[in-house]
Amino acid sequence: MLVTRSLITKAYNSDYPQLINKWTRVKDGYYVYSAYWEYRKTPSFVRIIAIGPTKPIYSATFSCLLEYKNGSIKNTRYSQRVALTPYKRSATHWIKVVLTEPVKDDQSWQNNIAVCVPPLFGEFANNNLPLAEFIAYFQIMGVQHFTFYDYKAGNFIKLLLNALIDEGIPISLFPWNLPTDVSDVWDQGHLANVADCTYRYAKTHKYVVTVDIDELIIPQQNISLMDIIKTYNSPWSDLLFRNAFFSLDLPDDPEFTNATIPLSILKKTLHFKPWPSYMRTKAIVLSSKVEIPGIHFSWKSIDNRKTIIAEPTFAKLHHYRHWGNKEKPVFRDKTAWRYSDRILKSDPIKIWKNLNIKEMF
């Protein structure tokens with residue numbers, strides 16, 4: 001396995017979801033990132049991903065201009081553009097509008113799952129081993145595409161992601177150039193990030209998983225994410241998983257020995273009681289039925305689709321982060337160990353090893 005060491009930002013070569021966007025100023029404090037066609041409403045309209053001050057916006061604040069060719073917005077893939085401008089000003093920046101309606105009877109769409117991750121910054125522990133472990137695990141669970149956003153991501157992260165892309169692992173890394181005058185936006189613009197990613201993959205992936213790098217959705221049975229999805233037959237928009245902190249501050253598992261590759265799932269089996277529903281949950285969402293995505297659950301669905309909360313005895317969110325060691329009671333759960341051999345033999349871990357990041361700089 002030949003591993004390249006490039007810092008040039010790359011993206012896995014697939015279809016139009018690879019459209020590259022960047023935050024662009026509209027007026028003081030207001031910026032736009034991307035735009036998506038909302039086909040599920042009558043009349044249809046364009047949804048624009050934007051950020052700005054938390055104050056009222058009036059009809060005389062902005063103008064919205066839509067440009068399309070051939071008499072219909074659906075005729076040409078990238079002929080449609082939208083511009084958000086100060087009221088009655090001419091457009092200085094156009095955004096391509098991405099279509100979100102899946103192809104009718106597209107069987108590949110039916111079984112496609114994409115993972116969306118919050119903006120990356122800095123580096124992770126153990127030369128980014130948690131990142132390789134995360135990708136390896138969700139590949140085992142049946143994910144077809146991984147999407148990351150670069151907000152001051154460290155060089156080692158880019159090296160690893162680029163090497164994984166070169167090996168053919170379906171990964172996208174998009175720029176997330178948050179402007180300095182909105183630096184106080186909560187959690188690097190996480191809410192806008194979730195919305196962009198959910199709409200971006202609605203046409204090509206039926207399901208979108210919104211999780212952080214330190215979070216794994218782990219079922220008690222040896223089943224895939226699609227098996228989990230098929231367990232719930234009633235119409236839903238969100239399938240939520242309750243958060244359980246596998247605190248890094250708790251002792252390592254007594255059966256764990258100092259392995260060469262210290263996977264989080266091997267070291268950390270002690271966890272606190274799962275949190276209540278809706279608190280720090282993460283979700284699998286049915287992308288075609290979510291209208292307003294959220295970080296821990298969707299704010300609004302199409303057709304009043306319901307939210308289902310998985311019981312922790314069936315599947316829960318393993319959250320590997322520092323969370324102290326004072327809570328009681330503490331439980332031991334070795335369920336994730338069943339995946340360790342496959343993770344250790346996976347391409348992401350092999351590539352992580354071959355990069356030998358420690359010796360590079």
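Here is a chat about a predicted model, going from its disulfide to its cores, rings and charges.

Student: What ground rules apply here?
Tutor: This is a predicted model, where local features need pLDDT of at least 70, side-chain atom pairs count only at pLDDT 80 or more, and totals for chains, interfaces and linings use all residues. Residues are numbered from 1 along each chain as its sequence is written, and side-chain values use heavy atoms, with hydrogens and water left out.

Student: Which cysteines form a disulfide?
Tutor: A disulfide here is a pair of cysteine sulfur atoms within 2.5 Å. Searching the whole structure turns up one. The sulfur atoms sit 2.0 Å apart, and the pair is Cys116 and Cys197.

Student: Where do Cys116 and Cys197 sit, and how many residues apart are they?
Tutor: Helices (H or I, at least four residues) and strands (E, at least two) are DSSP runs, numbered from the N terminus. Cys116 is in strand β7 (residues 113–116) and Cys197 is in helix α4. The pair links distant parts of the chain, 81 residues apart.

Student: Is that disulfide left-handed or right-handed?
Tutor: Look at the torsion about the S-S bond of Cys116 and Cys197, which is about -85°. That sign settles it, so the disulfide is left-handed.

Student: How many residues of helix α4 are buried?
Tutor: Buried means under 20% relative accessible area, exposed over 50%, and partly exposed in between (1.4 Å probe, protein chains only). In α4, the buried residues include His190, Asp196, Cys197 and Arg200. Helix α4 (residues 190–200) is largely enclosed by the rest of the structure, because the buried count is 10 of the 11 residues.

Student: Which ring does Arg200 lie over?
Tutor: A charge sits over a ring if NZ of Lys or CZ of Arg is within 6 Å of the ring centre and within 35 degrees of the ring normal. Arg200 is 4.1 Å from the ring centre, over the face of Phe174.

Student: Which cluster does Phe174 belong to?
Tutor: Rings of Phe, Tyr and Trp (its six-membered ring) pair if their centres lie within 6.5 Å; planes under 30 degrees apart are stacked, over 60 edge-to-face, and the rest tilted. By this rule there are 18 aromatic pairs. Ring pairs link Phe174 into a cluster with Trp23, Tyr33, Tyr149 and Trp176.

Student: Are Phe245 and Trp323 stacked or edge-to-face?
Tutor: Phe245 lies in strand β14 (residues 243–245) and Trp323 in the loop between β20 and β21, so the pair ties together parts 78 residues apart in sequence. Phe245 is buried at 0% relative accessibility, whereas Trp323 is partly exposed at 25%. Their rings are 4.0 Å centre to centre with 10° between the planes, which makes the pair stacked.

Student: What geometry do Phe134 and Phe146 have?
Tutor: Phe134 is in helix α2 (residues 125–140) and Phe146 in strand β9 (residues 145–153). Phe134 is buried at 1% relative accessible area, and Phe146 is buried at 0%. Their ring centres are 6.5 Å apart and the planes are at 65°, so the pair is edge-to-face.

Student: Which element gives the largest share of the largest nonpolar core?
Tutor: A nonpolar core is a set of buried Ala, Val, Leu, Ile, Met, Phe, Trp, Tyr and Cys residues joined through side-chain atoms within 4.5 Å. The largest has 64 residues, and those touching the most other members include Phe134, Ile135 and Phe138. The largest share, eight residues, comes from α2.

Student: How many residues are in the other core, the one with Cys116?
Tutor: That core lies apart from the largest one, and Ile51, Val182 and Val285 are also among its members. Its count is 26 residues.

Student: How far apart, N to O, are Arg81 and Glu67 in their salt bridge?
Tutor: A salt bridge is a side-chain nitrogen of Lys or Arg within 4 Å of a carboxyl oxygen of Asp or Glu, and the structure holds 17. Arg81 lies in strand β5 (residues 81–86) and Glu67 in strand β4 (residues 62–67), so the pair ties together parts 14 residues apart in sequence. Arg81 is partly exposed at 28%, as is Glu67 at 29%. The N to O distance is 2.8 Å.
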